[in-house]
Amino acid sequence: MNAPFAGLSAAPELPSQTAGNAVPIGPQRAVTTESALVRWSLITTAVLFLTLFLFVPLATVLYEALRRGLDVYLAAITDHDALAAIRLTLTAAAISVPMNLVFGVAAAWCIAKFEFRGKNVLLTLIDLPFSVSPVISGLIYVLVFGLQGWFGEWLRDHDLKVIFAVPGIVLATVFVTFPFIARELIPLMQAQGNEQEEAARVLGAGGWQIFRRVTLPNIKWALLYGVILCNARAMGEFGAVSVVSGHIRGQTNTMPLHIEILYNEYQFAAAFAVASLLALLALVTLVLKYLIEQRVKRQLRARDSDNAPQGTP
């Protein structure tokens, strides 16, 4: 199946290589021609920028969280309202991420594998949360599911509550996070093409078998990468959740909302303690993202080394 592409993997023969006597290639020179001063200036600028806008604020949050002692820190993160905010944040992420996982895979499969009318419209709709303010998305849900909204009377008659309750928080979180998984998968699946799926279909495989044994192994790392980004965005969402939550302490406050309330009440130690916990969750996300990137790079290097032409003795 790879025969038509066999010639693409062969590197052009260098003048120093002759048949029967392969000469190893030495270290390659850098392709850039900038001076050392320019390179070190750019590196220094990047490091200073990261230090000023990332490392210093993060260190300040951790310092302020622990400045009054470990007992105060533990009391702040084990407070009833703080625990309720942590549980709600994790619950919203645990519901919204699997929903976006199903939607992202289905949307990517549909866009990458099929041609249909309205494909560009679907792509535009997937990118909509990137261009619409989260506050506006929260207001849209209030307009639709609020007491004075389109379905407000029906929801009230059936004793169902969406706004100022967990369902509204989950809906708002799903809206602002659903592009992440789809946008990670669509370019990869488009680049891979349909050849492998078509070959599996010719060999008699069904749709589920093709997805599980052909498509999923090819997209698993991009899928996991998208899930991590989606989860990080879900846990840190503020704007849309703030509109639909109602700020009910101990019930509808997520971690970002709880931090805002504590800070506005001048409970700085407690606010920084919960903020440090949210920052640590973000750091865990970044570490997982880095590990996945390194795993993908190792796999690509291993594949390139396997496909590299071997010299004949």
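Start by selecting helix α14, residues 268–307, in this predicted model. Of the elements that feed the positive surface patch, helix α14 gives the most, with four residues. Now add the whole patch to your selection: K220, R295, K297, R298 and R301. Colour these five residues by charge if you like, and keep them on screen for a moment.

Next, click on K297, which sits in helix α14. Is K297 buried, partly exposed or exposed? Its relative accessibility is 43%, so K297 counts as partly exposed, because that class lies between the 20% limit for buried and the 50% limit for exposed.

**From charge to grease**

Leave the charged residues and go to helix α1, which covers residues 36–66. Select F49, L50, L52, F53, L54 and F55 and switch on a surface view. What do these residues form on the surface? They make up a nonpolar patch, and together they have about 630 Å² of accessible area.

Zoom in on L52, a member of that patch whose place is in helix α1. L52 has a relative accessible area of 54%, and it counts as exposed because the cut-off for that class is over 50%.

**A buried valine**

For a contrast, move to helix α6, residues 134–145, and pick out V144. With a relative accessible area of just 13%, V144 is buried, since buried means under 20%.

Which residues does V144 touch, once its neighbours within four places in sequence are set aside? Show G149, W150, F151 and G152 as sticks: V144 is in contact with these four residues. Then draw a distance from the C-alpha of V144 to the C-alpha of I163. The two residues are 19 apart in sequence, and your viewer should give 9.5 Å between those atoms.

**Zooming out**

Finally, reset the view and show the protein chain as a cartoon. How many helices and strands are there? The chain has 14 helices and zero strands, so a walk along the sequence goes from one α element to another.

Switch to a full surface to finish. The protein chain exposes about 19700 Å², and carbon and sulfur atoms supply 66% of that area. Of its 313 residues, 32% count as buried, V144 being one of the buried residues. A contact view adds one more layer: among contacts between residues at least 6 apart in sequence, 70% join residues at least 24 apart.

How values were computed. Residues are numbered from 1 along each chain as its sequence is written. This is a predicted model: local features need pLDDT of at least 70, side-chain atom pairs count only at pLDDT 80 or more; totals for chains, interfaces and linings use all residues. Side-chain values use heavy atoms; hydrogens and water are left out. Patches are made of residues with over 30% relative accessible area and no salt bridge: like charges are joined within 9 Å, nonpolar side chains (Val, Leu, Ile, Met, Phe, Trp, Tyr) within 5 Å. Accessible areas come from the Shrake-Rupley method with a 1.4 Å probe; for residues, only the protein chains shown count as cover. A salt bridge is a side-chain nitrogen of Lys or Arg within 4 Å of a carboxyl oxygen of Asp or Glu. Lys and Arg count as positive and Asp and Glu as negative; His and the chain ends are not counted. The place of a charge is taken as NZ of Lys, CZ of Arg, CG of Asp or CD of Glu. Helices (H or I, at least four residues) and strands (E, at least two) are DSSP runs, numbered from the N terminus. Buried means under 20% relative accessible area, exposed over 50%, partly exposed in between (1.4 Å probe, protein chains only). Contact means heavy atoms within 4.5 Å.
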